[in-house]
Amino acid sequence: MNAFRIARNELRRLSTGTMPKLALVALVLVPLLYASFYLYANYDPYGRLDKLPAAVFTSDSGAKDASGQQRNVGREVTDELVKSGTFQWHEVSEQEARDGVRDDKYSFAIGIPSGFSAALLSVGNFQPQQATITLTTNDANNYLSGTIAKQVAEQVRKTIAEKVGSEAADRFLVGFSTIYAKIQEASTGAAQLADGATQLKSGQQKLADGAAQLADGSSKLATGLGTIKSGTASLPSKTQQLADGASQVATGDQKVADAASIAATASSDIQGKLDSYRSQLQTDLRDAGVPEAQVQAILAKADQLRSPVDQANGKIQQANGDLAKLADGARRVSDGAAQLAAASPQLASGVAEASDGANKLKDGASQLNDGEKTAVNGTNQLADGAVKLRDGLAAGLQQIPNPDDPTRNATANTIADPVAVNANGEASAGTYGAGLAPFFISLATWIGAFVLFLILRPLSTRALTAGAAPFRVAVGGWLSSALLGIAQVVVLFGAVTWLVGIHIAHPLGAIGFAVLVSLTFTSVVHALNAFFGAVGKFLGLVLLVLQLVSAGGTFPWQTIPDALYPLHVALPMGYAIDGFRHLFYSGATVNLLGDIGVLLAYLVGGILVSTLAARKRRVWTVSALKPELSL
């Protein structure tokens, strides 16, 4: 009888009848009911703090700040708390707040007493007083709500202290800015003067350079226009001669084109008559009874004789088109030459006037260049003096601190709160429920393994009496619980991820690791039941309690008493929780390999202990046949 047959027989025994089947289903669902409902109930309690009723009251009457403005800081704080929505805030009177906390109507109450604004604003008048806020809690209502309230009160105190300290530091820095502003007025004027003088110097130099360029350019312009004037003096007569010649050419070309047109028309007429003669010749030959072959031969000979005439006609038609184009082009050239001849006198007159104006511009530009040279020397002296004045005032101004508004605000905020926390998370659980998931899944897996042996038999009596090998009997007794344990964790993971909504970074790895944890826990519980019998169930509960207090499922395991350290190192649940955390939040690490190694060691150790128990049970005793205690 092999181990698989032993496990199959045990599962068949549990699936015979309606009640055993229901019991089997219930065993599979035990971890689901334990872990999933608890994780669902505690999925994100911090996200529902707005459901937690809290009271706030203020008796502050306000006070005037250093600028004389009326301030009521207590009212400001109260309004900000009510609008924040972090809790279910109720603004009530002081007596109602205290009675509400005592009667469990409110989880806690924050109060701002009278004189709160006066105490806070006294720092600006050099009459410092410490302002206070009151926190009323009642641990009889809920201990954690009181703890949360203390954190809220501390945050409110810190926020108010930062705000007041920032305002005081800001006023202190504004004093420096006022002094700086008064001295800066003279420095600003000097800087503007220096800038203007520098710009004037630069502009004056550019103007001088431009004047020199203008003088040089106007001289070149006058020379060039003089040359053009000389060259264009005879332009009207020359263009008129050009126009007359172009007109004569156009008239001659038109006559040639007309003659070519007459020749082309005559050539076309000849072609038409030749076509008519050929047709008549063909008709006459046929009428005279000449054979068709001779008719075609005669026509071919006639066509051969006509070929030079056709070629001459093509050349005549082409020449006619070319001469027509030539005549049209000549006419256009004649018209253009006529227009040029008509405009040439005006152009020559304009060039002459431009030449005279360029000579005058040359004289004026020369005078302007001489004046700009004198002006440049004066502006250089003015710019040098203005720069020295600006630099002297700026050097003195730099000795007075004057931060700008963002710098002053940042400095004031730093003075009020000099230390900040930069939190860098390597991995994040996301919610409170997701943070507890590794612990409660491990715990549910152990409970699931424990309840399996309320109806499963750790060792098959039939296999023992049949003389099967102890190892086969042990593995066969464990396999049935292992299969049911795998079903438990699969159902549990489905509910945790799909129904509860807890995100798992590496779901396949986490399910595989959960299967290993289930196999390990069922192996350990199976070994206890196989070796110790009914006492093994009690030992399973004892191990559960020891692991609850030493595994570090909620608080870090280093915070447990030193006496429990060995239990954390020795027992398997701590390694299961550690492995789940890596797979839920980040990923595989070297520590995960250690967790797997420890669980595999417990798995193998449990099977070996079960094998030893099966070997021991091969010898039947009176206590084995009739135990003193049976569960």
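These legends go with several close-up views of a predicted model.

**Figure 1. The whole chain combines 18 helices with 6 strands.** The chain has 631 residues, and 35% of them count as buried. Its accessible surface comes to about 35,500 Å². Carbon and sulfur atoms hold 60% of that surface. Now take the contacts between residues at least 6 apart in sequence. Of these, 82% join residues at least 24 apart.

**Figure 2. The largest nonpolar core has 54 residues.** Six of them have the most contacts inside this core: I441, W446, F493, M573, F580 and F584. Which elements give two or more residues to the core? They are α10 (432-452), α12 (470-500), α13 (507-532), α14 (534-550), α16 (573-586) and α17 (590-617). The largest share, 14 residues, comes from α10. In soluble globular proteins, nonpolar side chains tend to be buried together.

**Figure 3. I441 is one of the residues with the most contacts inside the largest core.** Leave aside its neighbours within four places in sequence. I441 is then in contact with L492, F493, V496, F580 and F584. Among these partners, F493, F580 and F584 are also listed with the most contacts inside the core. A second, separate core has 18 residues. Its members include A54, L81, W89 and L120.

**Figure 4. Helix α16 is mostly covered.** How many of its 14 residues are buried? The count is 11. The buried residues are M573, G574, Y575, A576, I577, G579, F580, H582, L583, F584 and Y585. M573, F580 and F584 also appear among the residues with the most contacts in the largest core. The length of α16 can be checked too. At 1.5 Å a residue, its 14 residues should span 20 Å. The end C-alpha atoms of α16 are 20 Å apart, so the two values agree.

**Figure 5. Helix α3 turns one face to the interior, as its buried residues show.** This helix covers residues 73-84, which makes 12 residues. From first C-alpha to last, α3 reaches 16 Å, close to the 16 Å expected at 1.5 Å a residue. Its buried residues are V73, G74, V77, T78 and L81. Why do they line one face of the helix? Seen down the axis of α3, they fall within an arc of 135 degrees, so they line one face. L81 is also a member of the second core. Just after α3 comes G85, with a positive phi of about 75 degrees.

**Figure 6. R71 and E76 meet in a salt bridge.** Their side chains come to 3.2 Å, N to O. Are the two partners buried or exposed? R71 is buried, with a relative accessible area of 14%. E76 counts as partly exposed, at 25% relative accessibility. The structure holds 6 salt bridges.

**Figure 7. R102 forms salt bridges with D99 and with D103.** The side chains of R102 and D99 meet at 3.0 Å, N to O. Both residues sit in helix α4 (residues 94-102). They are 3 residues apart there, so about one helical turn separates them. R102 counts as exposed, at 52% relative accessibility. D99 counts as partly exposed, at 23%. For D103 and R102, the closest N and O atoms are 3.5 Å apart. D103 is exposed, and so is R102. Elsewhere, salt bridges that share partners join R75, D79 and E91 into one network.

**Figure 8. D104 has a positive phi although it is not a glycine.** The angle is about 70 degrees. Where does D104 lie? D104 is in the loop between α4 and β5 (108-112). At 47% relative accessibility, D104 counts as partly exposed.

**Figure 9. T134 lies in strand β6 (residues 134-137).** T134 is partly exposed, with a relative accessible area of 28%. Leave aside its neighbours within four places in sequence. T134 is then in contact with F57, A109, I110 and G111. T134 and F57 are 77 residues apart in sequence. In space, their C-alpha atoms are 9.7 Å apart.

Notes:
Residues numbered from 1 in each chain as written. Predicted model: local features only at pLDDT ≥ 70, side-chain atom pairs only at ≥ 80, totals over all residues. Heavy atoms only, no water. Helix = DSSP H or I, 4+ residues; strand = E, 2+ residues; numbered from the N terminus. Expected span 1.5 Å × (residues − 1). Buried < 20%, exposed > 50% of the residue type's maximum accessible area, 1.4 Å probe, protein only. Arc of directions from axis to C-beta. Core = buried A, V, L, I, M, F, W, Y, C linked by side-chain atoms within 4.5 Å. Contact = heavy atoms within 4.5 Å. Salt bridge = Lys/Arg side-chain N within 4 Å of Asp/Glu carboxyl O. Areas by Shrake-Rupley, 256 points an atom, 1.4 Å probe, with all protein chains shown as cover.
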